[in-house]
Structure formats: C-alpha cells, structure tokens
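Good morning, and thank you for the opportunity to speak. Please look at the sequence and the structure that I am about to show, and keep both in view while I go through them.

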Amino acid sequence: NRELKRPVDFRSESTTHRIASACENLVKGLLFAKESMLTDEVKGTSGFAEQFAKTGTADKMGRSLRQFDLHRRLLKYPCSWLIYSQAFLALPKEAKACVYNRLHSILSTKDTLEDFPNLNLYERECIQSILSETLPEYEAACSRAVATR
C-alpha cells in the first residue's frame, strides 16, 4: 500500500476476494459440509465420549460442540470444536472476521443451503446459540455485522 500511495488499511477487492475464498474452505470444514452420515450406531466402552464432552465449553443450556451423536452422525451439533483452538484463534484478524461473518450468515438463515445440506434449521440455531454464548469474538463479530446492515 505504501508503494501505491494507498492508506495503510486499504484492502483491494482482489485481496478481499482471496481472503473470502480461503475462508470459505475453512467454514465448510468447520461445519462438516461434506459429512458422511453414519449407517449404524457407534458404541464404545472406554468412556472417551463422556470425557471428551466434559472438556468442552457449554452454553447455558448445557450444549457443547464436543457432544457426540454417534447414531446418525459424529457430532450432535456439526461444528468443529477446533474453532476454540489456539491455532484458530491465532488466525489473522481479517480471516477470523471473514469466517465469523460467513458462519453468522449461514447459521442465521432460514433458507435451505445447497453447500450445507447436513445442517437443518434447528441445528443451525443451536450452533449459532452455542457459538454466541461460548466464543466472545464470534458474538462481537456478529454484533458488528448486524450493526452495519
């Protein structure tokens, strides 16, 4: 930007598009867009599922992104718990803002989504609520997005 005598915070349309494109793949991964449904119940005896669920951040209704389903799919709320990871939180702020905005757009729509056939309206509402209550950055990004509309 300095060489082109643009403001320091200037972002070209091309740069914005590249960020959005990379983030779209991340969003699809976070929401298990290509998830295969289970054909039979998965059972175990180790107690792993219970321990795994206990380590997750839960909303006030006790829902967590670390709760297993194991009847028809892997997770009860199909959004990856890795959204809480240090690796995700260390993403550049522009990328996280893009991911949060896209997640909010997907989760708050009442429409059927071609790229996310694995998410019904109820699941989207649950995931939206869980993220809003357990991930302060997400809630702040959603609030900013709503305020700018």
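Let me begin with a term: a residue is called exposed when its relative accessible area is over 50%, buried when that area is under 20%, and partly exposed in between. By this standard, Glu 3 and Arg 2 are both exposed. These two residues form a salt bridge with each other, and their closest N and O atoms are 3.9 Å apart.

Before I continue, please note that this is a predicted model. The mean pLDDT of the protein is 90, and 97% of its residues reach 70 or more. Confidence varies between the elements: helix 5, residues 121-134, has the highest mean pLDDT, at 95, while helix 6 has the lowest, at 78.

Now to the overall picture. The protein contains six helices and zero strands. The C-alpha trace spans about 65 × 30 × 25 Å along its principal axes. Of the 149 residues in the protein, 34% are buried.

I return to the salt bridges. Side chains of opposite charge can pair when their charged atoms come close. How many salt bridges does a search of the whole structure find? The search finds ten.

One of them joins Glu 24 to Arg 102, with the closest N and O atoms 2.7 Å apart. This pair connects distant parts of the chain, since Glu 24 is in helix 1, residues 13-30, and Arg 102 is in helix 4, residues 93-108, 78 residues apart. Arg 102 has a relative accessible area of 27%, so this residue is classed as partly exposed.

Another salt bridge brings together the side chains of Glu 137 and Lys 96, at 3.0 Å from N to O. Because Glu 137 belongs to helix 6, residues 136-147, and Lys 96 to helix 4, the pair ties together parts that are 41 residues apart in sequence. Are the two partners buried or exposed, or partly exposed? Glu 137 has a relative accessibility of 34% and therefore counts as partly exposed. Lys 96, at 10% relative accessibility, counts as buried.

There is also a network of salt bridges, which links Glu 35, Asp 69, Arg 72, Arg 73 and Glu 123.

Next, the cysteines. A disulfide is a covalent bond between the sulfur atoms of two cysteines. How many disulfides does the structure hold? The number is zero. Cys 126 is in no disulfide, and the nearest cysteine sulfur, that of Cys 79, is 12 Å away. Why does Cys 142 have no bond to Cys 79? The sulfur of Cys 79 is the closest cysteine sulfur to that of Cys 142, but the two are 12 Å apart, which is too far for a bond. As for accessibility, Cys 126 counts as buried because its relative value is 2%. Cys 142 likewise counts as buried, at 6%.

Finally, I turn to the largest pocket. Its volume is about 240 Å³. Which residues lie nearest the centre of this pocket? Of the 14 residues that line the pocket, those nearest its centre are Lys 43, Gly 44, Ala 49, Glu 50 and Leu 70. The lining as a whole is mixed in character, with five nonpolar, five polar and four charged residues.

That concludes my presentation. Thank you for your attention.

Methods: Residues numbered from 1 in each chain as written. Predicted model: local features only at pLDDT ≥ 70, side-chain atom pairs only at ≥ 80, totals over all residues. Heavy atoms only, no water. 1 Å grid on protein atoms, 1.4 Å probe; cavity = no way out; pocket = protein on both sides within 12 Å on 5 of 7 lines; lining within 4 Å. Points joined across faces, edges and corners; volume = space filled by probe spheres on them. Nonpolar A, V, L, I, M, F, W, Y, C, P; charged D, E, K, R; others polar. Salt bridge = Lys/Arg side-chain N within 4 Å of Asp/Glu carboxyl O. Buried < 20%, exposed > 50% of the residue type's maximum accessible area, 1.4 Å probe, protein only. Helix = DSSP H or I, 4+ residues; strand = E, 2+ residues; numbered from the N terminus. Disulfide = S-S within 2.5 Å. pLDDT = per-residue confidence, 0-100.
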